[in-house]
There are 2 protein chains.
Amino acid sequence: MDWAIGVDIGGTKIEAALVDERGAVEGLYRQATQADLGPAVVLDRLQTSIRIVLDQAPGPVRAVGIGFAGQVDASSGVVYYAPNLPGWRDVPLKAKLESTLGLPVFVLNDVHAAAWAEWTYGAGQGWDDLVCVFIGTGVGGGVILGGRLQTGASGSLGEVGHMPIVADGRACRCGGRGCLEAYIGGWAIAEQVRQDIQAHWVEWGDVGPLEAFTAETLADLCQRGHSRAQAWSDRLGRYLGIGMVGVVNVLNPRGLILGGGVLQGFPEWLTVVAVTIQALALPSAARTVEVRRAGLGRHGGLIGAAAWARWQLQKEVTG
Amino acid sequence: MDWAIGVDIGGTKIEAALVDERGAVEGLYRQATQADLGPAVVLDRLQTSIRIVLDQAPGPVRAVGIGFAGQVDASSGVVYYAPNLPGWRDVPLKAKLESTLGLPVFVLNDVHAAAWAEWTYGAGQGWDDLVCVFIGTGVGGGVILGGRLQTGASGSLGEVGHMPIVADGRACRCGGRGCLEAYIGGWAIAEQVRQDIQAHWVEWGDVGPLEAFTAETLADLCQRGHSRAQAWSDRLGRYLGIGMVGVVNVLNPRGLILGGGVLQGFPEWLTVVAVTIQALALPSAARTVEVRRAGLGRHGGLIGAAAWARWQLQKEVTG
């Protein structure tokens, strides 16, 4: 048994773990990113996390994979930019970590890592053309075509959350308008439903303090049969379905994998998406695609980062 | 000097020509497809076209490339389906032509062929991540990522015309709703503007018979300074720009190439697209992308088919 270390680093936390060649996770270590203290501190914490996990390894560790919440050049391992980690601009993360760790390090975008995990160990196994869409606070995606992770010209390929689905629609936090995320991202769900509660408080009844109302609150209300909440879920699921019609028509995947925290609260959206695709997508693309729930859950990012590191190492060895 | 034969076959016409290794076209032969007479007749006409061009070749012909207006499996050369050629279902076109011609034949989708031509000889040279969008009666696209033509799970990757940009918007001829094509495809422009003329005939003035009004008529009126026509052009260009924001965010290309007959009539749309992308797309993707006009014009399809055949032949030789 040999190991790779997978790391998932975002604006709030760093998670590192040993991952075996079948994707099983061992010895997870988690700490706060403390992103506000700047890249030097974060880099230091990142190294500490890796060392702690490394020290616990019961066997040889071959490589380290980092899923980074930002725009990454996966070939050079440079972090161009990270919206939630101040000061990260053109940081040669791979080179820095390799020089101190003495192990091969590979860096990729965190959402791309999660998609790679679904392809390697999760719901997308066996499909060479795959789109994974993760619906949490934000909406992101990873795309595998012809068995290759596609990263685009500057590492940001797969931002399906920022495909406009309503021309000149709701303002998105990205600066765009009418983006898919501006309807079905966690922040956008809370925003829209809070407005509706303010305007129709009688119909909503007692749903607790407005500022505490989140996508999760909406999901809870749906489960308890709240009719206005259910109508919102239907409406949001429809938007998701329309967005996925665009994704399927443009990318013609064999598998469309949906995951993320928000999706968990609205399990019926999976069916809505499948039905909407069959009704509205091009037959040539709709006939081919299968819609599935992501298989790996919240550790998908670090599992995928470890799998990516193994894959890259293998490529370097075999040429 | 050696040659490849490039063929562009659609619902109305077959065009075949000799193409040299720099993409120059020689000895073009054109005839009607007569698609209504069924696949056997079309296949016969296709073979005749190729033979006529072949007989005129001043030097050796290495391969034949076919850009086919339909859903194609580019690896096996099977035509799955062609919306404008009745009866074409699962036709092994490559195998059939190779057995009678005695030459290597390669088949791909016609729009993919045109994109490949732009990459090889046209406006996309040197960029490994490229999206080409062609705006004619319909709106189609071809995508090259990492220097590879991407065809998707069933050969229909790149259908950017059928990305919904207005949730539950105008009915598209594909059966979907609110597709980009339902606003800026030639057929959709004519439909929308004719409706506007009927409702506002005083403002439009004499614009000729309604049933003869096309996207080209609109373009002519714009050139003559017709203010309502210009307002429509602005509006349609804006829709195109919003669609391209989605394309750039999802595919993160280095180059976005725009072409097609409708675009020719509205040269200002190129600027509108570039400006809209800079205003509304993600900075990570917007900073990287350059918007250019297609370089090869109406023979791009057959030029690309010939280039594709050369490329595939080369791959077979070198492994």
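In α12(B), a long run of residues is buried: Gly300(B), Gly301(B), Leu302(B), Ile303(B), Gly304(B), Ala305(B), Ala306(B), Ala307(B), Trp308(B), Ala309(B), Arg310(B) and Gln312(B). Buried here means that 20 or more other C-beta atoms, placed from the backbone, lie within 10 Å of a residue's own. This is a predicted model, where local features need pLDDT of at least 70, side-chain atom pairs count only at pLDDT 80 or more, and totals for chains, interfaces and linings use all residues. Residues are numbered from 1 along each chain as its sequence is written, while chains are lettered from A and ligands numbered from 1 in the order in which they are written.

So what do those buried residues of α12(B) pack against? Here are the partners, all in chain B (helices are DSSP runs of H or I with at least four residues, strands runs of E with at least two, numbered from the N terminus):

| Element of chain B | Residues |
|---|---|
| β1 | 3–9 |
| β2 | 13–20 |
| β3 | 25–32 |
| β4 | 61–68 |
| β8 | 105–109 |
| α3 | 110–120 |

Helix α12 of chain B has 19 residues and reaches 26 Å from its first C-alpha to its last, close to the 27 Å expected (1.5 Å times one less than the number of residues).

Now for the two chains. A turn of 180 degrees and a shift of 0.0 Å along the axis lay chain B on chain A with an RMSD of 0.0 Å (superposed by least squares on C-alpha atoms of residues with pLDDT of at least 70 in both). That's the relation of a two-fold axis. The same surface serves both copies, as 100% of chain B's contact residues recur in chain A (contact means C-beta atoms, placed from the backbone, within 7 Å).

Notes:
Two residues are in contact if their C-beta atoms, placed from the backbone, lie within 7 Å. A residue is buried if 20 or more other C-beta atoms lie within 10 Å of its own, exposed if 12 or fewer, and partly exposed in between; C-beta atoms are placed from the backbone.
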